[in-house]
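Subject: Structure handover

Hello,

Here is the structure we talked about. Please load it first, then read the notes below.

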Amino acid sequence: TALPILGMSSPEVFTPKCLWGQKSGFVYLSVQLCDVESSSIAVEWKEKGVRFRAFGVGSRGKKSYGFDVDLYDSISEKECGYEVKGREVCLKIKKVAEKKWPSFVAGGTGTPAWLGVNFDLIQVDDDSDNEETKQRKEFDSLLKNGSIEIKEAAENMKKLLINGYLFTYNSLQWIVYTLIFIIAVYQCTQHGFVVGLTKIYNSTSTLMNLGQGCAFLEVVHPMLGLVKTGILTTVVQVIARNGLLFLLINPFPPLHSHWTTGMLFLAWALAEFFRYPYYALACWKKRISLITWLRYSAWIVLYPMGFCLEGYLGFASTPYLVESGLYALALPNPFNISFDLSLFTQFYPVFVAMGAVKMYTYMWHQRKKQLKKTKKE
C-alpha cells in the first residue's frame, strides 16, 4: 500500500507532527516520534522529495507513521541522512543549491498545519527577513526592552528608598540637636550663663545619648555603600565622641554638673545643627549656598572649642576611674593580663590634639573643595 501524501492519513499509516528549519546548506526535518524501533525506519531520498516510514509513539499513540512529500527544491540524495534521538527522528537533507528555501514543501504557497518551524534553525538573509523571523525579532526586542525598563525601575526605586532613608535620618538628627541647642540656650538665659551650663547635661542627656547612639549608623552607611565618604574619618570621630560620652561622662555624676560638660554639649549641638541640614539636602542633590557655607565654616570655631573641652573632660575623668576601678582589670585573672583605662585618660589631651590636627586638615580640604563647587554653581 502506498504511503499517504504528507498532511493526509490512512487507517494503516498516520502523518506525524514535524518541525523544519535550515542552516548552512542543509534542511532539517524533526519528525516528532519517540520510542521508535530502528528496524522499522525506512527513508527513501528522491531528487526533489523524500519518503519516510517508522513505527513509534506519536500523536495517535504507538502506530505506524509516514509521509511522501515533494520538496521545494532539489537535494543531494547521497549526502542526506537521519539520526534517531530521544523523542524525534531528525532528517538532515543536503541542498543542491545554497539558496534559502522559503518553504519546505513544493509550491511554497504556505505552511501546512502539520508542519511547524524550528526557530533554532532559521536562516536569515542579509537583505530581507521572512515574516516569522520578523515577528520573533520584534518579540525578542520587546522582551529585551522590557527587561531593561524593569531593571531601571528597580534601580530608581532602590535609589529612592536609600535617599528617603538618609533624608529621614539626617532630618531626625537635626531635630534632636536643635532641641538640645534650644534647651541649652533656655537654661543659660534662665539661670545665667555659667549656672545654666551646669544644668545642660541633666536636661539634655537623654537627647544627646539618643543622637550620639544613632551616630553609629554613620559608620554603617559607607560600609553598606549608602553614602560615598571616607569611612576612617567617620569612625574616628564617632568613636572618639561616643567613647567620651558613654564611657567617661555618663558614669560619673560629678562631671554631669561641671560647666565644661554643658559647654561641650552646646558645641556639639551647634556643629550638628549646621551639618545635618546640609546632608539632608544632599540626598536630593540640592545645595543652598548659605547652608553649605555654614556647614563648612562654623567648624572653624566650634571644632577647636570641642577638642579643648573633650581633652579636658577625658583627663578630668581620671580620678573617678581610679577611685571606682571602672574599666580596670587587675592581676591575677583568667586572662593573665592587666588593663586600666585611667592610664590612657591621663594622656587624653595628647591623643585629642593628635586627632584634632588630622580632623582640622581634613575639614579644611573639604571646605575648599565644597565652597569652590558653590562658586561654580
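**Salt bridges**

Asp68 and Lys46 form a salt bridge through their side chains, with 3.2 Å from N to O. This is a predicted model. The two residues come from distant parts of the chain: Asp68 is in strand S5 (residues 61-70), Lys46 is in strand S3 (residues 42-46), and 22 residues separate them. Asp68 has a relative accessible area of 16%, so it is buried. Lys46 is at 30%, so it counts as partly exposed.

How many salt bridges are there by this rule? The count is 6.

Asp73 and Lys99 make another, at 3.8 Å from N to O. Asp73 sits in the loop between S5 and strand S6 (81-84), and Lys99 in the loop between strand S7 (89-94) and strand S8 (115-117), so the bridge ties together parts 26 residues apart in sequence. Asp73 is buried, because its relative accessible area is 15%. Lys99 reaches 49% and counts as partly exposed. The cut-off for exposed is over 50%, so Lys99 stays in the class in between.

Glu218 and Arg275 also meet in a salt bridge, at 3.3 Å from N to O. Glu218 belongs to helix H3 (residues 217-223) and Arg275 to helix H6, so this pair ties together parts 57 residues apart in sequence. Glu218 is buried at 13% relative accessible area. Arg275 is buried at 12%. Both values are under the 20% limit, so both residues get that label.

Which residues join Glu218 and Arg275 in a network of salt bridges? Arg241 and Glu272 do.

**Aromatic rings and charges**

Arg275 has a second role to note here: it lies over the face of Tyr276, 4.5 Å from the ring centre. Elsewhere, the charged end of Lys94 sits over the ring of Phe26, 4.8 Å from its centre.

A search of the whole structure gives 22 aromatic pairs. Tyr276 is in one of them, stacked with Tyr177: the centres are 6.0 Å apart and the planes differ by 15 degrees. That pair links distant parts of the chain, with Tyr177 in helix H1 (residues 131-191), Tyr276 in helix H6 (residues 259-282), and the two positions 99 residues apart. Tyr177 and Tyr276 are both buried.

Tyr201 and Phe265 form a tilted pair: the ring centres are 5.6 Å apart and the planes are at 45 degrees. Why tilted? Under 30 degrees would be stacked and over 60 edge-to-face, so 45 degrees falls in the remaining class. This pair also links distant parts of the chain: Tyr201 is in helix H2 (residues 193-214), Phe265 is in H6, and they are 64 residues apart. Tyr201 is buried at 6% relative accessible area. Phe265 is at 0% relative accessibility and also counts as buried.

Ring pairs also build a cluster from Trp299, Tyr303, Phe307, Tyr360 and Trp364.

**Nonpolar cores**

Phe265 and Tyr303 come up again here. The largest nonpolar core holds 42 residues, and those with the most contacts inside it are Met208, Leu244, Leu264, Phe265, Trp268 and Tyr303. At least two residues each come from H1, H2, helix H4 (231-249), H6, helix H8 (299-316) and helix H11 (348-376). Which helix supplies the largest share? H6 does, with 10 residues.

Leu244 is worth a click. Leaving out residues up to four places away in sequence, Leu244 touches Ile249, Leu264, Trp268, Glu310, Leu313, Gly314 and Tyr348.

There is also a second, separate core of 28 residues. Its members include Phe14, Ile41, Phe67 and Trp114.

**Helix H4**

The buried residues of H4 are Thr234, Val238, Arg241, Asn242, Leu244, Leu245, Leu248 and Ile249. Arg241 in this set is also part of the salt-bridge network.

A length check on H4 works out. H4 has 19 residues, so at 1.5 Å a residue it should span 27 Å. Its end C-alpha atoms are 26 Å apart, which agrees.

Best wishes

Conventions: Residues numbered from 1 in each chain as written. Predicted model: local features only at pLDDT ≥ 70, side-chain atom pairs only at ≥ 80, totals over all residues. Heavy atoms only, no water. Phe/Tyr/Trp six-rings, centres within 6.5 Å; stacked < 30°, edge-to-face > 60°. Helix = DSSP H or I, 4+ residues; strand = E, 2+ residues; numbered from the N terminus. Buried < 20%, exposed > 50% of the residue type's maximum accessible area, 1.4 Å probe, protein only. Lys NZ or Arg CZ within 6 Å of the ring centre and 35° of its normal. Salt bridge = Lys/Arg side-chain N within 4 Å of Asp/Glu carboxyl O. Core = buried A, V, L, I, M, F, W, Y, C linked by side-chain atoms within 4.5 Å. Contact = heavy atoms within 4.5 Å. Expected span 1.5 Å × (residues − 1).
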